[in-house]
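The report below is meant for a reader who is meeting this structure for the first time. It takes up charged side chains and the sheet in turn.

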Amino acid sequence: MKTINKDKAKEIIKANKYKFFTAHFIKKDNTKRILNCMTGKKYTPKTNKKQPYDPSKYNLLKVYDLKNKGFRIINFETLYKLNINKTKYIIS
């Protein structure tokens with residue numbers, strides 16, 4: 001396993017758009033979550049409301065959850081492990 005920082009993890013995820021990856025992070029209620037997901041899928045809201053904030057300004061990333069078939073948000077502050085392109089990373 002390679003050790004990388006949060007900024008490098010962001011770069012790796014953004015460079016692998018439309019590819020599947022696994023993110024291990026801690027949710028807001030302090031439970032661990034493993035999420036099989038991908039980036040790049042376009043979200044179309046059911047209403048005409050705009051999103052109230054930009055996730056990238058808060059160190060968040062919107063991803064598509066492959067298991068539950070819905071959009072989720074990953075907080076880079078609580079991300080601790082990442083598996084992408086058959087490579088495992090530990091986030092420090």
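With which residue does Lys 8 form a salt bridge, and how far apart are the closest N and O atoms? In this predicted model, the partner of Lys 8 is Glu 11, and the closest N and O atoms of the pair are 4.0 Å apart. Both residues belong to helix α1, where they are 3 residues apart, or about one turn of the helix. Lys 8 has a relative accessibility of 40%, and it therefore counts as partly exposed, a class that runs between 20% and 50%.

**Salt bridges**

Side chains of opposite charge can pair when their charged atoms come close. The structure holds 3 salt bridges, which are set out here with the separation of their closest N and O atoms.

| Pair | Closest N and O atoms |
|---|---|
| Lys 8 and Glu 11 | 4.0 Å |
| Asp 65 and Arg 33 | 3.4 Å |
| Arg 72 and Asp 65 | 3.7 Å |

Asp 65 forms a salt bridge with Arg 33, and because Asp 65 lies in strand β4 while Arg 33 lies in strand β3 (residues 32–38), this pair ties together parts that are 32 residues apart in sequence. Arg 72 also forms a salt bridge with Asp 65, and Arg 33, Asp 65 and Arg 72 are thus linked in a network of salt bridges. Within this network, Asp 65 counts as buried at 2% relative accessibility, whereas Arg 33 is partly exposed with a relative accessible area of 22%, and Arg 72 is partly exposed with a relative accessible area of 26%.

**The sheet and helix α1**

Strands of a sheet pair through backbone hydrogen bonds, either parallel or antiparallel. Here an open sheet is built from 7 strands in the order β1-β7-β6-β2-β3-β4-β5, and its pairing is mixed. Strands β1 (2–4) and β5 (70–75) stand at the edges, and because each has a single partner strand, one side of each is left without a neighbour in the sheet. From one strand to the next, the twist averages 35°.

Strand β2 (residues 20–26) and strand β6 (residues 79–84) run antiparallel and are joined by 5 bridges, with Ala 23 of the chain standing opposite Leu 82 in β6. Helix α1 (residues 6–15) packs on the sheet, where it touches β1, β2, β4 (60–65), β6 and β7 (87–91), and the direction of the helix makes about 30° with that of β6.

Methods
Residues numbered from 1 in each chain as written. Predicted model: local features only at pLDDT ≥ 70, side-chain atom pairs only at ≥ 80, totals over all residues. Heavy atoms only, no water. Pairing = 2+ DSSP bridges. Helix = DSSP H or I, 4+ residues; strand = E, 2+ residues; numbered from the N terminus. Axes fitted to C-alpha atoms, helices over the stretch in contact; angles between N-to-C directions. Contact = heavy atoms within 4.5 Å. Salt bridge = Lys/Arg side-chain N within 4 Å of Asp/Glu carboxyl O. Buried < 20%, exposed > 50% of the residue type's maximum accessible area, 1.4 Å probe, protein only.
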